[in-house]
Amino acid sequence: MLTLLILGKESVKSENIDVYLQPLVEKLLELWKSVRTLDVTKLGDKFLLRTICMWSLHDYLTYCYLLAAKQKAIWHALYVD
Amino acid sequence: MKQEVDYETTMSSMFKEAQTPLYEGCPNSCLATILLLLNLCNTHGINNMFADEFFSLLRLDLFPKDNILPKSLYEVNTIVKWLGLNYNLIHACYNGCVLFKGELKDSKACPKCKRSRYIERSYIVPCKVLCHFPLIPRLKQMYRCPTLVDLMVWHNSNKSNDGLICYVCDSKAWKHINTTWLDFAKGPHNIRLGVAFDRVNPYANLSTNHLHGQSYSSTTICHLG
């Protein structure tokens, strides 16, 4: 499921990735608190749907962005590991 | 809450309306026909003007007189919109300082870097746009399809018995979540998500220099069960 599409080749950096992720995080927080949903298999059965964000999958570059840390330091740490 | 109720009632009334056949004796419903036609238009990159006239031609001339097909693309879009698969466009500062939503909805320049929201010599065209595809209606849709519901709760009854990891629900992270949040683990409907972030070039074989040398960054949600 695609959730965000950000325009621009070099637009996402470690300083501003949090700005772009705002709408997504808002929705994820709402989903963690629970959302009323209708289950079609049990007719008329409403339940509270909750979700959790369990994993994140990225390349190393985005991993650095998300950690909002200096790229070189992370690369170094990764090599040492 | 009010929006939620509106959404549910509109959905159910719309489904009832859309389940009626296109005309008397037609095997397809109106909604199915609309979706098939829209899919066809989309696959072949047909422009809006053609699609608009195509729908009116079908409605007025080709189908029997008692058909209920919408007569313009606008009417088709208003029906499809209620399926909850639309997206929002959010304007952003060129340097990525802020998003123009909430309090900053009507402001014309970025409060941090003072750069204009719109491109030079324009009051309409924004510098940068963020496409946000709302997550909640999409997840709700998954519980509206009977075959998908079975797959959504599949993980609950298919855990590995022999200690081998056969699926993500046998993994360490999954078990950690189940032991940490017991309430969460109780509901088989609850969803675990994975976030992936990557860059895409939407122009497939075309040059990346297309459209002012810009490509897109995208965030994707993987649904794990």
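Begin the tour by selecting Ile6(A), Val12(A), Tyr20(A) and Leu130(B), which are the residues with the most contacts inside the largest nonpolar core, a group of 13 residues. Strand 1, helix 1 and helix 2 (60–67) of chain A each supply at least two residues of this core. Apart from it lies another core, made of nine residues, and to find it you can select Leu49(A), Ile191(B), Phe197(B) and Ile221(B), which are among its members. Keep in mind throughout that you are looking at a predicted model.

Return now to Tyr20(A) and display its neighbours: leaving aside residues up to four places away in sequence, Tyr20(A) touches Leu4(A), Ile6(A) and Val12(A) in its own chain, and Gly96(B) and Leu130(B) in the other.

Next, select strand 1 of chain A together with strand 2 (residues 128–132) of chain B, which run antiparallel and are joined by three bridges. Which residue of strand 2 of chain B stands opposite Ile6(A)? It is Leu130(B), a residue already met in the core.

Widen the selection to the whole meeting of the two chains, where 40 residues of chain A are in contact with 49 residues of chain B. On the side of chain A that touches chain B, at least two residues come from each of strand 1 (2–7), helix 1 (17–33), strand 2 (35–39), strand 3 (45–49) and strand 4 (51–58) of chain A. Sorted by character, the residues of that side are 22 nonpolar, eleven polar and seven charged.

Then colour chain A by pLDDT, for which the mean is 74, with 75% of the residues of chain A reaching 70 or more. Among the elements of chain A, helix 1 has the highest mean value, 84, whereas helix 3 (residues 71–80) has the lowest, 54. Where pLDDT is low, the predicted coordinates should not be read in detail.

Turn to chain B, whose secondary structure comes to ten helices and four strands, following the pattern α-α-α-α-β-β-α-α-α-α-α-β-α-β along the sequence. Of the 225 residues of chain B, 15% count as buried, and among contacts in this chain between residues at least 6 apart in sequence, 42% join residues at least 24 apart.

Finish at Cys166(B), in the loop between helix 7 (154–157) and helix 8 (172–180) of chain B. Is Cys166(B) buried or exposed? Cys166(B) counts as exposed because 11 other C-beta atoms lie within 10 Å, and the limit for that class is 12 or fewer. As a last selection, add Asn77(B), 89 residues away from Cys166(B) along the chain, and you will find their C-alpha atoms separated by 43 Å.

Notes. Residues are numbered from 1 along each chain as its sequence is written. Chains are lettered from A and ligands numbered from 1 in the order in which they are written. This is a predicted model: local features need pLDDT of at least 70, side-chain atom pairs count only at pLDDT 80 or more; totals for chains, interfaces and linings use all residues. Two residues are in contact if their C-beta atoms, placed from the backbone, lie within 7 Å. Ala, Val, Leu, Ile, Met, Phe, Trp, Tyr, Cys and Pro count as nonpolar, Asp, Glu, Lys and Arg as charged, and the others, Gly among them, as polar. Two strands pair if DSSP finds at least two bridges between them. A residue is buried if 20 or more other C-beta atoms lie within 10 Å of its own, exposed if 12 or fewer, and partly exposed in between; C-beta atoms are placed from the backbone. pLDDT is the predictor's confidence in each residue, from 0 to 100. A nonpolar core is a set of buried Ala, Val, Leu, Ile, Met, Phe, Trp, Tyr and Cys residues joined through C-beta atoms within 7 Å.
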